[in-house]
Amino acid sequence: MPGAAEHLDRILAEARGAIAGAESTQALAEIRAGFLGKKGSVSTVLRGIGDLAGAERAAVGKAANVTKGEIEALVAKRREALEGADQERVLAEHRLDVTLPGFAPPRGHLHPTSHIEREMCAFFTQMGYSIEDGPEVETDWNNFGGLNFPEDHPARDMQDTFFVPGGNVLRTHTSNVQIRAMTGQEPPFRFVCPGRVYRHDLDGTHYPMFHQIEAVCVDEQTTFADLKGTLFAFARHLFGESTDIRFRAHFFPFTEPSAELDIGWGGRWLEWGGCGMIHPRVLLNCGIDPERYQGFAFGMGIDRTAMIRWDIPNIQLLFDGDVRTAEQF
Ligand code: PHE
């Protein structure tokens with residue numbers, strides 16, 4: 001095969017130019033196929049050596065294989081360069097600018113009622129009170145009877161009760177927990193119970209569902225002075241050291257004496273809750289000897305406390321689920 005060496009030289013020169021000009025790895029693969037693929041020019045030379053005489057066949061075969069090796073080396077080198085460039089480009093395109101301002105995901109926070117409820121509970125647990133829980137659907141006994149509400153007494157109406165079919169009620173106050181927690185428990189003990197209560201009532205300061213917290217303390221020497229001291233400390237913890245409270249004589253079937261409790265806020269007296277010394281009959285109803293033990297109890301609205309603290313004008317703002325309201329706290 002005359003001129004085989006020159007032919008291969010030309011192929012090599014052509015390949016060198018084409019490979020150097022390849023702009024992508026894909027273009028490079030196509031160029032490589034043009035020389036080394038099945039129908040490529042080097043492959044064609046190699047296929048043709050079968051027709052040559054012995055000595056020439058060996059020489060041309062060897063030369064073709066050398067050319068093949070050189071082209072492979074050129075392709076490999078170019079591929080490496082192109083891949084490096086690809087990577088550079090990817091890095092450049094996906095560059096992360098760490099100096100850009102970040103995106104702060106919006107953060108939720110507690111509802112004002114939950115917020116103040118936690119503050120209230122923390123105050124009492126720190127004073128050694130435990131936290132009790134009770135159901136919202138309650139028996140007549142735990143909500144009324146055990147608390148010394150006489151049968152058919154208008155006091156039951158006073159609380160705008162929701163009656164549940166089957167004789168139960170939606171609890172009208174957290175005082176149901178007095179009966180539940182005191183029954184079968186040997187004094188001394190003290191506990192608080194926060195929770196939802198229900199009354200058939202709706203205006204700017206009343207809502208059919210609201211939250212109360214109940215506090216109970218029973219021991220051998222518990223007096224009204226302990227009640228007063230506890231309430232003063234509680235009010236000052238929540239509203240500041242100069243806060244005043246006052247008592248107004250009142251009636252509850254389950255306390256004797258009883259008082260309504262006002263808090264001095266913004267130059268006015270606002271109704272805050274009810275309190276008193278636990279009625280001996282209530283202690284008896286729970287199996288506690290009233291000759292030996294006395295106790296005080298009080299209860300107040302948690303939502304009401306939040307409204308006073310943050311000057312919220314209407315209780316419905318707390319429960320209408322508008323995040324624009326919640327965001328203000
Ligand atoms: N349960 C009473 C109410 O809801 C408040 C209260 C609690 C009064 C404990 C005295 C003692 O109005």
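The exercises below concern a predicted model.

**Exercise 1.** Find the strand order of the open sheet and state which strands lie at its edges.

*Solution.* Step one: the sheet has 7 strands with mixed pairing, in the order β1-β5-β6-β10-β9-β8-β7. Step two: look for strands that pair on one side only; these edge strands are β1 (130-131) and β7 (245-252). Step three: follow β7 inward to β8 (residues 255-265), with which β7 pairs in the antiparallel sense over 7 bridges. Within this pair, Phe247 stands opposite Leu261 in β8.

**Exercise 2.** Place helix α5 relative to the strands, then classify its crossing with α11.

*Solution.* Step one: α5 (residues 112-126) lies across β1, β5 (189-198), β6 (209-219) and β10 (294-301), and runs at about 5° to β6. Step two: the axes of α5 and α11 (residues 302-310) come within 9 Å and cross at roughly 100°. Step three: angles of 65 to 115 degrees count as roughly perpendicular, so α5 is roughly perpendicular to α11. Step four: list the contact residues, among them Ile116 and Met120 in α5 and Ala306 and Trp310 in α11. By class, this contact of α5 with α11 has 6 nonpolar, 3 polar and 4 charged residues.

**Exercise 3.** Identify the closest residues around the ligand and give the distances for His173, Arg199 and Gln212.

*Solution.* Step one: 14 residues surround the ligand, and the closest are His173, Ser175, Arg199, Gln212 and Glu214. Step two: take the ligand nitrogen; a polar side-chain atom of His173 lies 3.1 Å from a nitrogen atom of the ligand. Step three: turn to ligand oxygen. A polar side-chain atom of Arg199 lies 2.8 Å from an oxygen atom of the ligand, and for Gln212 a polar side-chain atom lies 2.9 Å from an oxygen atom of the ligand.

Conventions:
Residues numbered from 1 in each chain as written. Predicted model: local features only at pLDDT ≥ 70, side-chain atom pairs only at ≥ 80, totals over all residues. Heavy atoms only, no water. Pairing = 2+ DSSP bridges. Helix = DSSP H or I, 4+ residues; strand = E, 2+ residues; numbered from the N terminus. Contact = heavy atoms within 4.5 Å. Axes fitted to C-alpha atoms, helices over the stretch in contact; angles between N-to-C directions. Parallel < 35°, antiparallel > 145°, perpendicular 65-115°, else oblique. Nonpolar A, V, L, I, M, F, W, Y, C, P; charged D, E, K, R; others polar. Near = heavy atom within 4 Å. Polar contact = N/O pair within 3.5 Å; in protein donor to acceptor, adjacent residues only side chain to side chain.
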